[in-house]
Amino acid sequence: MSDPKRVALLPGDGIGPEVAEAAVELCATAFPGRLEFESHLFGGCSIDENGTAMTDETLAACRESDAVLLAAVGGPKWDTTDPDQPRPEQGLLGLRKGLGLFANLRPVRAIPALTDASPLRPEVIEGTDLLVVRELTGGIYFGEKTRTDDRASDDCVYTREEIERIGRVAFEAAGSKVTSVDKANVLETSRLWREVIVGLHESEYPGIELEHVLVDNAAMQLVSNPSSFEVIVTENMFGDILSDEAAMITGSIGMLPSASLGNPDGPGLFEPVHGSAPDIAGQGIANPLAMFLSVALMFRHGFGWTEEAAALESAVDGALADGLRTPDLGGQAGTVEATQAVIERLG
Ligand code: NAD
Ligand code: IPM
Ligand code: MN
């Protein structure tokens with residue numbers, strides 16, 4: 001058998017360590033000898049220990065790994081409005097930028113067994129299978145910030161090159177349709193975005209249908225007609241907001257995985273879309289399924305293990321079909337019980 005894949009594990013804060021432990025347990029039991037985890041402090045716990053959310057050593061260890069698996073960072077302990085204080089989220093942004101991961105893939109699928117868990121009507125969500133392609137290293141997240149006592153600003157910048165490369169990821173992922181979401185009726189960055197996406201479509205992907213939807217309208221259509229979307233491509237902050245909204249098609253934010261890619265010479269980053277859920281941390285009731293589905297994305301996109309990825313995804317589906325429900329999905333199962341249910345399904 002080939003050498004085990006070396007995974008840099010960043011459990012982080014809040015429920016992060018709980019779902020990270022579940023993922024390690026699942027991999028050790030269902031895929032023995034295939035992965036080697038090395039854990040690093042990251043986020044709030046790293047601020048406590050090192051004064052910064054991500055040390056140079058941790059970034060270097062991530063760079064050297066075959067993949068990075070992150071659970072979640074942040075929490076009230078480190079919440080501050082003081083721009084000079086470190087924040088856990090800086091680690092996450094620094095890691096994405098530092099690894100050159102500009103393409104964040106967030107698949108959203110209406111799982112038949114979970115139809116009753118979504119606040120949306122079954123006939124609305126039925127058949128939904130969409131992919132949010134979120135630009136991850138540009139826009140307002142990374143522009144210049146200013147702050148005085150009475151004035152603050154966040155600069156939103158996009159270049160043609162940044163838009164073109166994320167557009168290409170979206171067209172490559174699409175079978176027949178791409179929806180580009182922007183705010184071209186107001187924002188200059190969105191007008192450049194639209195121009196570049198149109199140009200890319202005409203020159204390289206004329207066989208794929210392209211539609212443009214303004215972000216406010218897209219937010220509305222995600223809950224009124226989600227199955228009309230196939231691939232949504234959008235800028236950093238719009239993608240952040242729309243993907244949390246889209247999570248409710250599955251019934252819980254605790255179900256949504258993500259893969260961050262874009263650097264062919266380095267590792268990808270795989271993480272649930274949800275945060276550290278401080279309101280339920282330490283109770284053993286966090287839903288680990290978004291983390292497991294992120295492991296499946298790591299198998300597929302990080303290692304090319306398509307069969308293992310599919311097996312893990314169908315084990316999650318199967319456990320849900322058998323009635324597995326954590327509290328966020330309206331049930332009583334704890335993290336350990338949910339983990340065992342998926343492991344059992346993997347045989
Ligand atoms: P959150 O996603 O942590 O929680 C939102 C709600 O969803 C909460 O009620 C929580 O209990 C629930 N929830 C989330 N994940 C769940 C799971 N796996 N199982 C069951 N319920 C779950 O969002 P928030 O409360 O806005 O943010 C909390 C902290 O997390 C903040 O500091 C934020 O910056 C951070 N955050 C981190 C990441 C990340 O590390 N990738 C992502 C989002 C938010
Ligand atoms: C996410 C999170 C992060 C983001 C935060 C924690 C920086 O919300 O991964 O969706 O906004 O990208
Ligand atoms: Mn988010």
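In this predicted model, a polar backbone atom of Val73 lies 2.9 Å from an oxygen atom of ligand 1. Two further backbone contacts to ligand 1 can be followed in the structure above. At Ser276, a polar backbone atom is 3.1 Å from an oxygen atom of the ligand, and at Gly75 a backbone N or O atom lies 3.3 Å from a ligand oxygen. On its own, ligand 1 has 800 Å² of accessible area, of which the protein covers 70%.

The surroundings of ligand 1 comprise 21 residues, and those that come nearest are Val73, Glu89, Gly275, Ala277 and Asp279. Val73 thus appears both among these nearest residues and as a backbone partner of a ligand oxygen. By residue class, the shell around ligand 1 holds ten nonpolar, seven polar and four charged residues.

Turning to ligand 2, the contacts listed here come from side chains. An N or O atom in the side chain of Tyr141 is 2.5 Å from an oxygen atom of ligand 2. For the side chain of Arg96, the corresponding distance to a ligand oxygen is 2.6 Å, and for that of Arg106 it is 3.0 Å. The protein covers 79% of the 320 Å² of accessible area that ligand 2 has on its own.

Ligand 2 sits in the largest pocket. Around ligand 2 are Glu89, Leu92, Arg96, Arg106, Arg134, Tyr141 and Asp240; Glu89 is also one of the residues that come nearest to ligand 1. Five residues of the ligand 2 shell are charged and two are nonpolar, with no polar residue present.

It is also worth asking where in the fold these residues come from. Which helix gives the most to the shell around ligand 2? That helix is H4, spanning residues 88–98, which supplies three residues. On the level of domains, the shell draws at least three residues from domain 1 (1–102 + 255–347) and at least three from domain 2 (118–249). Ligand 2 is therefore lined by residues of both domains, given the bounds assigned to them.

Terms used: Residues are numbered from 1 along each chain as its sequence is written. Chains are lettered from A and ligands numbered from 1 in the order in which they are written. This is a predicted model: local features need pLDDT of at least 70, side-chain atom pairs count only at pLDDT 80 or more; totals for chains, interfaces and linings use all residues. Side-chain values use heavy atoms; hydrogens and water are left out. A residue is near a molecule or strand if one of its heavy atoms lies within 4 Å of it. A polar contact is a pair of N or O atoms within 3.5 Å; within protein, one must be able to donate a hydrogen and the other to accept it, and residues adjacent in sequence count only if both atoms are side-chain atoms. Accessible areas come from the Shrake-Rupley method with a 1.4 Å probe; for residues, only the protein chains shown count as cover. On a 1 Å grid over the protein atoms alone, a cavity is a set of points where a 1.4 Å probe fits but cannot get out, and a pocket is an open set with protein on both sides within 12 Å along at least five of seven lines; lining residues have an atom within 4 Å of a point. A molecule sits in a cavity or pocket if more than half of its atoms lie within 2 Å of its grid points. Helices (H or I, at least four residues) and strands (E, at least two) are DSSP runs, numbered from the N terminus. Ala, Val, Leu, Ile, Met, Phe, Trp, Tyr, Cys and Pro count as nonpolar, Asp, Glu, Lys and Arg as charged, and the others, Gly among them, as polar.
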